[in-house]
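Visitor: I'm new to this structure and don't know where to start. Please pick one chain, take me through it slowly, and explain the terms as you go.

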Amino acid sequence: MTPPRPIRLTVNGVSYEAAVEPRTTLVDFLRQELGLTGTHVGCEQGACGACTILLNGQAVRSCLMLAVQADGAEVMTVEGLSRDGQLHPLQQAFMEEHGLQCGFCTPGFLMSAYELLRQHPQPTDDEIKEALGGNLCRCTGYMAILKSVRLAATKLSAAHDPGAGGTKT
Amino acid sequence: MKPPRFEYAAPTTVAEAVSLLQQHESEAKILAGGQSLMPLLNMRLTRPGLLIDLGRVAELRYLRETDGGLAIGAMTTKRTVEDSAMVKSRQPLLHAATLLIGHAQIRNRGTVGGSLAHADPAAEYPALAVAVDAQLRVVGPKGERTIAAAEFYVSYLTTAQEPTEILTEVRFPALANDTGWSCAEVARRHGDFAMTGAVVTVQLGSDGRCAQSRIVLFGGGPTPLRAQAAEQVVIGQTPSEQLWAQAGQRVSEVIEEPLSDVHASAEYRRYLAQVLTRRALAEAAARARGAA
């Protein structure tokens, strides 16, 4: 058995120390060691986007990262979007526009959209489609997701603070 | 679908990485951005004894201008290249090719060196490197050497690097004046692996004829394919829709054995190569006229 390696990282603003086998993927570490099961495992190949999280502010596939690579990093998962029991405007928008059905792809879409809206607070439809093109949904047919992100952009600019309502990374 | 067991090392310098590679040669695999290697590990298609993670080798992350060209450290992410205003204005072909790679989330981790060294037949960067005569710098136990892109790609997922060598840098020369470019591919969905793609440059002379042209295909065979026969059709001739169609036709004649798989048949890849060559030449020539 390969000796576990120590890692320290911050997830949703909380510091964690753990010892992990090198082969443990970041998504499995988040789900199984930290109990943060909001991030989902879909394809384990990087194609579906269900495992998307923010690493040091960038949306990445946590199934294609090893936990040991996140040593010293700041991670944000879907659990970090809401604050004090209040949904983030993105989550609120998805609810209002029915941007989810089974919800399996949703955390990945939320994190990808979060990165998009931080970089492009008023995205065009083409920019939304480009940014979310790497996330697959089998239920909705995508139109409601597009509407949800448009609504979220409106909500966030109304709040005048793109990071409002969630843990900042 | 979980990775098999492996030892893991995270060196902080190139020298340390090379030393590890030399000690564990047959068992070791380099981890760069992980966007190609991790799927292989997750599916257990590769079982290295030791993974050497270059993620902490800070000296490999850079993007700088040199003599009108560009030097890029191997661990520079594609996202860095994509977001660089310098790349967009000085190396628009590199910028355009980068946007075709996967999705933003992949580009946030995937590296320039990783793509070049992994040598996937459907990858954009290897074909681009061949099209612009990029220089690839590798470092091994015996020291450093530079390999021209034309000699770098040997076969399917195989480069001219020795097993103990690490790719550290790629240099992209700037395109000559009056040179137009195009990078185009066809994939089933936006962001999927290309079934076939083409990287094309056209330089127009003062007489309006094609002074130079480079036509490189990807996805059509085990390595990037430079279609010199098609280049010869174009060079010295006056640009026209017919000329591009003739070049496209020639490309489909010289592709030897396009891959036939679940994504596309050999016949379809051959057909795509013809169409993409024709379109890319037209686009490159239009850009050259704009640049003139």
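**A close look at chain A**

Guide: Let's begin at Glu44(A), which sits in the loop between α1 (26-33) and β3 of chain A. Helices here are DSSP runs of H or I with at least four residues, strands are runs of E with at least two, and both are numbered from the N terminus. What you see is a predicted model, where local features need pLDDT of at least 70, side-chain atom pairs count only at pLDDT 80 or more, and totals for chains, interfaces and linings use all residues. As for labels, residues are numbered from 1 along each chain as its sequence is written, while chains are lettered from A and ligands numbered from 1 in the order in which they are written.

Back to Glu44(A): its phi is positive, about 55 degrees, although this residue is not a glycine. Glu44(A) is also buried, having 23 other C-beta atoms within 10 Å. (Buried takes 20 or more such neighbours within 10 Å, exposed 12 or fewer, partly exposed anything in between, with C-beta atoms placed from the backbone.)

Now step back to the whole of chain A. It has five helices and five strands, and reading from the N terminus you meet them as β-β-α-β-β-β-α-α-α-α. Of the 169 residues in chain A, 50% are buried. The C-alpha trace spans about 50 × 30 × 25 Å along its principal axes. The radius of gyration of chain A is 16 Å, which agrees with the value near 15 Å for a compact globule of 169 residues. (That radius is taken over C-alpha atoms, and the globule rule is 2.2 Å times the number of residues to the power 0.38.) Then there are contacts, meaning C-beta atoms, placed from the backbone, within 7 Å of each other. Take those in chain A between residues at least 6 apart in sequence: 64% of them join residues at least 24 apart.

Chain A also comes in parts. Its domain assignment gives domain 1 (5-80) and domain 2 (89-159); such bounds come from an automatic or database assignment. The centres of these two domains of chain A, taken over C-alpha atoms, are 21 Å apart. Where they meet, domain 1 of chain A puts in 13 residues and domain 2 of chain A puts in 12. On the domain 1 side, β3 (52-55) and β4 of chain A each supply at least two residues, and β3(A) has the largest share with three. Sorted by class, that domain 1 side holds seven nonpolar, six polar and no charged residues. (Nonpolar covers Ala, Val, Leu, Ile, Met, Phe, Trp, Tyr, Cys and Pro; charged covers Asp, Glu, Lys and Arg; the others, Gly among them, are polar.)

Next, zoom in on helix α5 (residues 143-159) of chain A. Its 17 residues should span 24 Å at 1.5 Å a residue, and the end C-alpha atoms are 25 Å apart, which agrees. (The expected span is 1.5 Å times one less than the number of residues.) Ile145(A), Ser148(A), Val149(A), Ala152(A), Ala153(A) and Leu156(A) are the buried residues to find in α5(A). They cover an arc of only 140 degrees around the axis, so they lie on the same side of α5(A). (The arc is that of the directions from the helix axis to the C-beta atoms.) Turn to the face away from that buried side and you find the exposed residues Met143(A) and Ala158(A). Among the elements covering the buried residues of α5(A) are α2 (89-96), α3 (106-119) and α4 (125-132) of chain A.

Follow α4(A) next. Here Ile128(A), Ala131(A) and Leu132(A) are buried. Those buried residues fall within an arc of 90 degrees seen down the axis, so they line one face of α4(A). Their cover includes α3 and α5 of chain A, together with α6 (104-107) of chain B.

That brings us to the partner chain. The contact between the chains takes 22 residues from chain A and 23 from chain B. Strand β4 (residues 58-61) of chain A gives the largest share of the chain A side, four residues. By class, the chain A side has eight nonpolar, 10 polar and four charged residues.

Definitions and conventions: Two residues are in contact if their C-beta atoms, placed from the backbone, lie within 7 Å.
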